[in-house]
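Hi,

Here is the structure I said I'd pass along. Have a look at it first, and then read on for what turned up.

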Amino acid sequence: MAAHRKPRSRSAGGHTVRTAATIALAGAATATGFDGIGHAEPQLTPAQVEAKVDQLYQEAESATEKYNGAKEKAKAAETRLESLRDQAARRTEQLNEERDALGSMAAAQYRGGGLDPAMQLALTDDPDRYLDSAEFAERAGNRQAASVANVRRQLREIEQLRGAAHIELASLKSRQAELKRHKKTITGKLGAARRLMSQLPAEERAVLGADGDRASRAATGARDELTSPGAATATAPNSRAAAAISYAYAKLGSPYVWGATGPDAFDCSGLIQAAYRSAGISLPRTTYAQIDAGRRVSRSELLPGDLVFFYSGISHVGMYVGDGQMIHAPNPSAPVRVAPIDQMPFAGATRVV
């Protein structure tokens, strides 16, 4: 099954071939609850099944990008939390050292007794030596006061660090809950698509899959004849874009796995991130962040290596390779492949380098 297709007009002959499964699909359609509600749905034709499955895949991909974004934020929150905990531990260690020093100083004062300084001066056999030692004691007292102030300051800083860590922990838990929600949405959409397809007889599934195979062969032919890696890299705006294109071509045929960034499987934004990472360019993780990672270009200005985005929610991305073609990771029904950029609603383009 071709991924991310716009609805296509069907020939009379093609419609005749597909009507055989319509009766079998009728009962299946009523049993498939896309929104989790078991209500009867109108009878769907195979073409409608295909459109519905494509829609479910697109919705799952939108949820995947939200999952990727939440995962990135959760990772950042976890890093900040660990940093705050490390700082608090170091400050606590310093505080304990200061407290030990103050304790030693207090014990020495206790052992030295508490005679009035004037009486000690009157009784001493060596006034000059006593005065020198009194000056030392005063300096020691000043150091003690500074140590006490330092301990108090460190206590305040530790409390501030603990407060910040508490906030980060709450943020991390919120992000983790968000991840679970998005994961549930993704698995639900993909499961609904699989259930819908499984209701069709094997021969009808083969007919639907044949469209994807033909699209794949056509795209591969376009790649070989019109946009070979050499042609695409030769017209890329710079060497880094060319390196990213070469990486993308090398990954043709890799499976789509939501949340994956390679090296053996990818989702759409994961493929783009990995391709440009191989060229020494760091890109954000999600489609809606990647579109702002470079300079916006119009469709008429597209060059190989540019990022092309689709749908109103910027939920899908591919890499333009010339002649109206792109390399992208479509969805779980199709591997990384070359495809026309006209397959999906065009939303914008960005030139990264």
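Below is a quick tour of the sheet, the cores and the salt bridges.

One thing up front: this is a predicted model.

Let's start with the sheet. It is an open one of six strands, in the order β1-β6-β2-β3-β4-β5, and the pairing is antiparallel. The edges are taken by β1 and β5 (337–340); each has a single partner strand, so one side of each is left without a neighbour in the sheet. On average, neighbouring strands are turned by 40° against each other, direction ignored. If you want a spot to zoom in on, try β3 and β4 (residues 325–328): these two run antiparallel and are joined by three bridges. Y320 has M326 in β4 as its bridge partner.

Two helices go with this sheet. α8 lies across β3, β4 and β5, and runs at about 110° to β3. α9 packs on the sheet too, where it touches β2, β3 and β4, with its direction at about 50° to that of β3.

That brings me to the nonpolar cores. The largest has 32 residues, and the members that touch the most others in it are I245, Y249, Y276, L283, L307, M319 and I327. At least two residues each come from α8 (239–250), α9 (268–278), β2 (307–310) and β3 (316–322). The biggest contributor is α8, with seven residues. As a general matter, nonpolar side chains in soluble globular proteins tend to be buried together. For a closer look, pick I245: leaving out residues up to four places away in sequence, I245 touches A232, T233, A236, P304, G305, M319 and V321. Apart from this core lies another one, of 24 residues, including V53, L190, A192 and A193.

Now the charged pairs. The structure holds nine salt bridges, and I'll go through three of them.

The pair I'd open first is D306 and R351. Their side chains meet in a salt bridge at 2.9 Å, N to O. D306 sits in the loop between β1 and β2, while R351 is in strand β6 (residues 346–351), so the pair ties together parts of the chain that are 45 residues apart in sequence. Are these two buried or exposed? Both D306 and R351 are buried, and for D306 the relative accessible area is 1%. Not counting residues up to four places away in sequence, D306 touches V297, E301, G318, M319, Y320, T350 and R351.

Next comes D267 with R285, a salt bridge at 3.0 Å, N to O. This pair also links distant parts of the chain, 18 residues apart: D267 is in the loop between α8 and α9, and R285 is in the loop between α9 and α10 (287–290). With 0% relative accessibility, D267 counts as buried. R285 counts as buried as well, at 8%.

The last one is E159 with R162, where the closest N and O atoms are 3.3 Å apart. Both residues lie in helix α5 (residues 127–198), three residues apart, or about one turn of the helix. R162 is partly exposed, with a relative accessible area of 47%.

That's the tour. Shout if you'd like to go through any of it together.

Cheers

Methods:
Residues are numbered from 1 along each chain as its sequence is written. This is a predicted model: local features need pLDDT of at least 70, side-chain atom pairs count only at pLDDT 80 or more; totals for chains, interfaces and linings use all residues. Side-chain values use heavy atoms; hydrogens and water are left out. A nonpolar core is a set of buried Ala, Val, Leu, Ile, Met, Phe, Trp, Tyr and Cys residues joined through side-chain atoms within 4.5 Å. Buried means under 20% relative accessible area, exposed over 50%, partly exposed in between (1.4 Å probe, protein chains only). Helices (H or I, at least four residues) and strands (E, at least two) are DSSP runs, numbered from the N terminus. Contact means heavy atoms within 4.5 Å. A salt bridge is a side-chain nitrogen of Lys or Arg within 4 Å of a carboxyl oxygen of Asp or Glu. Two strands pair if DSSP finds at least two bridges between them. Axes are lines fitted to C-alpha atoms, for helices over the stretch in contact, and angles run from 0 to 180 degrees between N-to-C directions.
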